[in-house]
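Please look through the sequence and the model shown below before reading on. The paragraphs that follow go from the overall layout to the helix packing, and then to single residues.

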Amino acid sequence: MKDQEPRAGQEAPRTIDWTDDGAAREFFSVRLDSGVPPYAQLRRRVVEARHTGELESGTRLPPVRKLAASLHLANNTVAKAYKELEAAGVVETKGRAGSFVRAGSSVEDKALRLTHKFLAELKNIGLNQNEAEALVRRVIDEETPLSSEQ
């Protein structure tokens, strides 16, 4: 990765040696006792690291099998996280070349800020993470899907 000064509110980009199992475990720090599925923890960590600038656009993520072995997870768990990250536009998979972090957009940054504020408010009124997720899922299921036609 290139050395550059982080923007305000961002961390310096990290150079991570994905061949080092300890580095992968430290970066992802998956907790099996957290109540959050491991694939969701992986997905969340990549999104967070991209948003903060810790992972730059173009950073190659470790191969599925390598990361699964490093974290003592099933290959399908890591593959599910990568698939969801790709569907969300966070990473781009280029076949055998691997999965790479995509650049964020200003719209996405604004949406993330609004979402963080919204979730903080839900926490302030006493909802836990599972209740907040269920509420958001209910609203998404009730509403007309977002589309470019609106």
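What pattern does the protein follow when it is read along the sequence? In this predicted model, the order is α-α-α-α-β-β-α-α, and the secondary structure accordingly comprises six helices and two strands. The protein has 150 residues, of which 28% count as buried, and about 10400 Å² of its surface is exposed, with carbon and sulfur atoms supplying 51% of that area. As for how the chain meets itself, if one takes the contacts in the protein with a separation of 6 or more, 56% of them are accounted for by residues 24 or more positions apart.

The packing of the helices can be followed through helix 4, beginning with its partner helix 2. Two packed helices are described by the angle between their axes and the distance between the axes. Helix 2, which covers residues 38–52, packs with helix 4, which covers residues 75–87, at an angle of about 45°, and their axes are 8 Å apart. Angles from 65 to 115 degrees would count as roughly perpendicular and those under 35 degrees as roughly parallel; helix 2 and helix 4 are therefore oblique to each other. The crossing in which helix 2 passes helix 4 is right-handed. On the side of helix 2, the contact is made by Pro38, Tyr39, Leu42, Arg43, Val46 and Val47, while helix 4 contributes Thr77, Val78, Lys80, Ala81, Glu84 and Leu85. Sorted by class, the residues of this contact between helix 2 and helix 4 are eight nonpolar, one polar and three charged.

Helix 4 also meets helix 3, which spans residues 64–71, and here the two axes come within 8 Å and cross at roughly 120°. That angle makes helix 3 oblique to helix 4, and the crossing of helix 3 and helix 4 is right-handed. The contact involves Val64, Arg65, Leu67 and Ala68 of helix 3, together with Asn75, Val78, Ala79 and Tyr82 of helix 4. By class, the contact of helix 3 with helix 4 consists of six nonpolar residues, one polar residue and one charged residue. Val78 of helix 4 is listed in the contact with helix 2, and Val78 is listed again in the contact with helix 3.

Returning to helix 2, is arginine 50 buried or exposed? Arginine 50, which has its place in helix 2, has a relative accessible area of 10%, and because buried means under 20%, arginine 50 is buried. If its neighbours within four places in sequence are left aside, arginine 50 is in contact with Leu55, Gly89, Val90, Val101, Arg102, Ala103, Gly104 and Glu108.

The loops supply several further points to inspect. Most residues other than glycine have a negative phi, yet serine 29, which is not a glycine, has a positive phi of about 35°. Serine 29 is found in the loop between helix 1 and helix 2, and at 44% relative accessibility serine 29 counts as partly exposed. Histidine 72 likewise has a positive phi, near 60°, in a residue other than glycine. The position of histidine 72 is in the loop between helix 3 and helix 4, where histidine 72 is exposed, with a relative accessible area of 66%.

Where is glycine 35 located? Glycine 35 lies in the loop between helix 1, residues 21–28, and helix 2, and with a relative accessibility of 68% glycine 35 counts as exposed. Although glycine 35 and asparagine 130 are 95 residues apart along the chain, their C-alpha atoms are separated by 9.6 Å. Asparagine 130 is found in helix 6, residues 129–142, and at 56% relative accessibility asparagine 130 counts as exposed.

A second pair of positions can be viewed in a similar way. Alanine 88 has its place in the loop between helix 4 and strand 1, which runs over residues 91–93, and alanine 88 is exposed, with a relative accessible area of 56%. Its C-alpha atom is separated from that of valine 47 by 9.7 Å, with the two residues 41 positions apart along the chain. Val47 is also one of the residues by which helix 2 makes its contact with helix 4.

Conventions. Residues are numbered from 1 along each chain as its sequence is written. This is a predicted model: local features need pLDDT of at least 70, side-chain atom pairs count only at pLDDT 80 or more; totals for chains, interfaces and linings use all residues. Side-chain values use heavy atoms; hydrogens and water are left out. Axes are lines fitted to C-alpha atoms, for helices over the stretch in contact, and angles run from 0 to 180 degrees between N-to-C directions. Helices (H or I, at least four residues) and strands (E, at least two) are DSSP runs, numbered from the N terminus. Angles under 35 degrees count as roughly parallel, over 145 as roughly antiparallel, 65 to 115 as roughly perpendicular and the rest as oblique. A crossing is left-handed if the near helix is turned anticlockwise from the far one by less than a right angle, and right-handed if clockwise. Contact means heavy atoms within 4.5 Å. Ala, Val, Leu, Ile, Met, Phe, Trp, Tyr, Cys and Pro count as nonpolar, Asp, Glu, Lys and Arg as charged, and the others, Gly among them, as polar. Buried means under 20% relative accessible area, exposed over 50%, partly exposed in between (1.4 Å probe, protein chains only). Accessible areas come from the Shrake-Rupley method with a 1.4 Å probe; for residues, only the protein chains shown count as cover.
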